[in-house]
Amino acid sequence: MSETTQRNQSEPSVKSSSSEDQRKPSGGGRRGGGDPSVRGRTTIADGVVEKIAGLAARDVLGVHAMGSGMSRTFGAVRDRVPGGTKSVSRGVKAEVGEVQTALDLEIVVDYGVSISDVARDVRENVISAVERMTGLEVVEVNIAVSDVKLPDEEDEEPESRLQ
């Protein structure tokens with residue numbers, strides 16, 4: 001007989017005598033056992049992160065609009081088409097990984113505001129909103145200021161004639 005076999009035979013086996021222990025499922029009473037938060041995978045589309053970031057950036061005082069002049073012009077045309085919706089992700093590009101995301105934003109600021117202050121506030125607001133809502137780590141928020149809205153300039157997006 002080998003030494004391992006002799007040791008296994010000589011050690012007493014431990015069995016629970018309680019019938020209650022035998023009826024309890026493993027995993028603390030949950031079916032399937034384990035933590036439910038790790039049973040499956042959650043993916044977040046780039047567009048979801050772009051919408052969150054776009055709304056968060058627009059909330060910052062001093063941000064007049066999002067996107068370049070051309071994208072705002074096309075957006076204004078698209079918004080006027082019946083059934084068209086305003087694009088909240090205009091001027092935002094997101095790259096989303098499994099646990100991290102990086103964002104590029106293009107903004108138009110109001111004349112007279114400190115661009116560096118607005119950019120800082122946009123970064124803080126966007127990072128806070130995206131991380132809170134998605135759980136993703138925001139590794140960078142690049143901001144390009146494409147224009148300054150002067151007080152006497154007309155908006156490129158005209159008001160709707162409908163009320």
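**Close-ups of helix α5 and its strand neighbours**

**View 1. Meet helix α5, residues 115–134.** In this predicted model, α5 is 20 residues long and covers 28 Å from its first C-alpha to its last, close to the 28 Å you'd expect at 1.5 Å a residue. Just past the end of α5, look for G135, whose phi is positive, at about 80 degrees.

**View 2. The two sides of α5.** Which residues of α5 are buried? They're V118, A119, V122, V126, A129, V130 and T134. Because these residues span an arc of only 110 degrees around the axis, they end up on the same side of α5. Now check the face turned away from that buried side: there you'll find the exposed residues S116 and R132.

**View 3. What covers the buried residues of α5.** The cover includes one helix, α3 (46–58), along with the strands β1 (63–66), β3 (100–110) and β4 (137–149).

**View 4. β3 and its antiparallel partners, β1 and β2.** β1 runs antiparallel to β3, and three bridges hook them up. To spot this pairing, find V63, which sits opposite V109 in β3. Strand β2 (residues 92–96) is also antiparallel to β3, with five bridges. Here V92 faces L105 of β3. Just three residues separate β2 from β3, and the two strands form a hairpin.

**View 5. From β3 over α5 to β4.** How do β3 and β4 run, parallel or antiparallel? They're parallel, joined by 11 bridges. One pair to look for is T101 with its bridge partner V138 in β4. Put α5 back into the picture, and β3, α5 and β4 make up a right-handed β-α-β unit.

Key. Residues numbered from 1 in each chain as written. Predicted model: local features only at pLDDT ≥ 70, side-chain atom pairs only at ≥ 80, totals over all residues. Heavy atoms only, no water. Helix = DSSP H or I, 4+ residues; strand = E, 2+ residues; numbered from the N terminus. Expected span 1.5 Å × (residues − 1). Buried < 20%, exposed > 50% of the residue type's maximum accessible area, 1.4 Å probe, protein only. Arc of directions from axis to C-beta. Contact = heavy atoms within 4.5 Å. Pairing = 2+ DSSP bridges. Right-handed = clockwise from strand over helix to strand, strands pointing away.
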